[in-house]
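These are my notebook entries on a single structure. I looked up its strand pairing, one helix residue and several contacts of aromatic rings.

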Amino acid sequence: MAEAMPLGSFLATARTDGRDWLVEADEPLAGLQLRSGGELPGIVATPALLELVRKARRYGFKLARAIHAQDDREQITAWVEVDPEESGEGCTIGIANWQTAPLAREEVGAAEERRAAIERHVAELSARLGPDQEVISVDCDCAELADTAARLREGLGRRWTDLVEVEGNGEHRQPLHWRLLDGARVTIAGSQRHWKAVLLPLGRPEPGQAGFDLLFVADEPPADEVLPAADGGSGFNAGMGREIAPVLRQPIARIIANAETIRTQLAGPLAEEYSNYAADIASAGEHLLALLDDLADLEVVEADDFSAAPDKIDLADVARRAAGILGARARERGIEIDAPKEGESVPAIGEFRRVLQILLNLLGNALRYAPEGSQVWLRAEAEGGRARIVVADQGQGLSAEEQAKAFEKFERLGRSGDGGSGLGLYISRRLARAMNGELTVDSAPGQGARFMLDLPTFDERRTKPR
């Protein structure tokens with residue numbers, strides 16, 4: 001452990017109490033606390049500092065190390081010493097060597113997207129929240145989180161923090177700022193793993209004005225599960241893909257997340273060749289994960305009892321979300337995604353997550369086949385009782401023969417080396433038709449491709465109030 005610095009050598013000092021609240025703080029730490037959405041006094045709002053304070057108080061000895069933090073303007077590096085009080089009720093903090101560097105908006109956006117992509121990979125529950133953090137929809141196939149997911153679904157329209165036990169939530173003035181909830185520990189009854197909540201803000205220029213994506217992430221993968229036996233004890237049963245996929249998804253997702261952390265050097269500097277190796281690992285993991293998802297979805301859409309759960313959605317909003325999720329991939333290839341503008345709205349009837357799944361597939365294909373430096377357009381429109389989203393690219397286009405086969409199972413349009421399963425468009429059309437919609441293509445060689453998803457539009461006169 002590093003030798004402690006003399007008290008007078010600190011640039012700033014601070015003090016926390018037994019709740020890990022920052023009760024006193026000098027500048028510049030006080031300013032960082034407030035810019036990060038915290039209060040003074042209030043829970044420590046800088047994740048790296050909060051973790052150091054918790055460890056020092058829990059283990060009862062002094063900790064000293066460099067921490068990294070950032071707000072919406074600067075990247076900060078500082079040397080921090082945390083000394084727990086003998087009573088165990090709080091800590092004194094000394095800060096030295098405080099250095100800041102301004103963040104370009106591009107750097108901020110790229111860092112946020114990398115972090116969001118990694119968290120999405122390992123999340124075992126995801127929910128869509130409104131601007132006030134009210135629950136809109138929930139997606140979860142993790143057995144440990146089944147009760148939590150059911151409670152969130154039953155509480156649609158309520159703040160998620162009213163439905164889930166968040167560490168320290170009752171000690172703070174409500175409602176809590178989203179920055180304080182991002183990374184907060186949550187308690188899952190019956191689970192032996194430790195969980196955190198991740199809040200990804202949506203909307204610009206004010207983060208969160210369009211709502212949030214809420215993710216639950218565990219600090220370790222699930223315990224080994226026994227794969228289900230096939231019917232009769234041998235062979236392959238019809239539901240095997242759906243049962244195996246969740247078991248394999250988490251280990252593969254963690255491989256991808258760790259590889260991405262290495263590739264982007266979030267864990268520290270790395271020689272370029274090793275960064276390239278990590279990129280190959282992540283790419284292979286992405287391919288395997290996509291194949292698992294396609295096989296599971298194939299069994300779902302071909303089941304005799306398959307049906308969608310359509311609801312009122314905003315097709316333009318779903319298109320913006322798809323563009324945001326795949327924005328980093330587009331920038332890597334220098335492709336500009338022209339999505340519907342904020343404020344543009346096209347009401348439709350469809351199942352939110354299934355429509356998003358279709359658009360991610362269409363947009364992913366467009367980014368795969370469009371030339372570098374080109375554009376991909378997403379256009380939302382309504383006409384004649386139908387809502388439509390068009391995904392158009394500047395790629396090589398499709399011949400009439402290729403268009404006729406585009407939606408067939410395992411059809412890769414002659415591109416056998418593209419890494420796809422050949423199931424994406426087949427599954428997407430099945431999903432569209434399950435929602436009383438249709439998925440079509442219009443193209444010509446050398447003129448790009450236009451894929452069109454049509455859905456019923458929302459008609460106020462024919463819908464009873466809820």
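**Sheet**

I began with the open sheet of this predicted model, in which five strands follow the order E14-E16-E17-E19-E18 with mixed pairing. I noted strand E14 (336-338) and strand E18 (438-443) as the edge strands, each pairing on one side only. I recorded an average twist of 15 degrees from one strand to the next.

I then examined strand E16 (residues 375-383) and strand E17 (residues 386-392), which run antiparallel and are joined by seven bridges. I found that Arg379 has Val390 in E17 as its bridge partner. I also located helix H8 (residues 315-325), which lies across E14, E16, E17 and strand E19 (449-456) and runs at about 25 degrees to E17.

**Thr148**

Is Thr148 buried or exposed? I placed this residue in helix H4 (residues 146-154). I list Thr148 as buried because its relative accessible area is 4%, under the 20% limit. Leaving aside residues up to four places away in sequence, I found that Thr148 touches Val164, Ile188 and Phe216.

**Aromatic rings**

I found four aromatic pairs in the structure. In one of them, the ring centres of Trp178 and Phe212 are 5.8 Å apart and the planes stand at 50 degrees, so I entered the pair as tilted. Trp178 belongs to helix H5 (residues 178-181) and Phe212 to strand E12 (residues 212-218), so this pair ties together parts 34 residues apart in sequence. I noted both Trp178 and Phe212 as buried.

Finally, I looked up charges over rings. The charged end of Arg19 sits over the ring of Trp21, 3.8 Å from the ring centre. I recorded the charged end of Arg429 over the ring of Phe407, at 3.8 Å from its centre.

Key:
Residues are numbered from 1 along each chain as its sequence is written. This is a predicted model: local features need pLDDT of at least 70, side-chain atom pairs count only at pLDDT 80 or more; totals for chains, interfaces and linings use all residues. Side-chain values use heavy atoms; hydrogens and water are left out. Two strands pair if DSSP finds at least two bridges between them. Helices (H or I, at least four residues) and strands (E, at least two) are DSSP runs, numbered from the N terminus. Axes are lines fitted to C-alpha atoms, for helices over the stretch in contact, and angles run from 0 to 180 degrees between N-to-C directions. Contact means heavy atoms within 4.5 Å. Buried means under 20% relative accessible area, exposed over 50%, partly exposed in between (1.4 Å probe, protein chains only). Rings of Phe, Tyr and Trp (its six-membered ring) pair if their centres lie within 6.5 Å; planes under 30 degrees apart count as stacked, over 60 as edge-to-face and the rest as tilted. A charge sits over a ring if NZ of Lys or CZ of Arg is within 6 Å of the ring centre and within 35 degrees of the ring normal.
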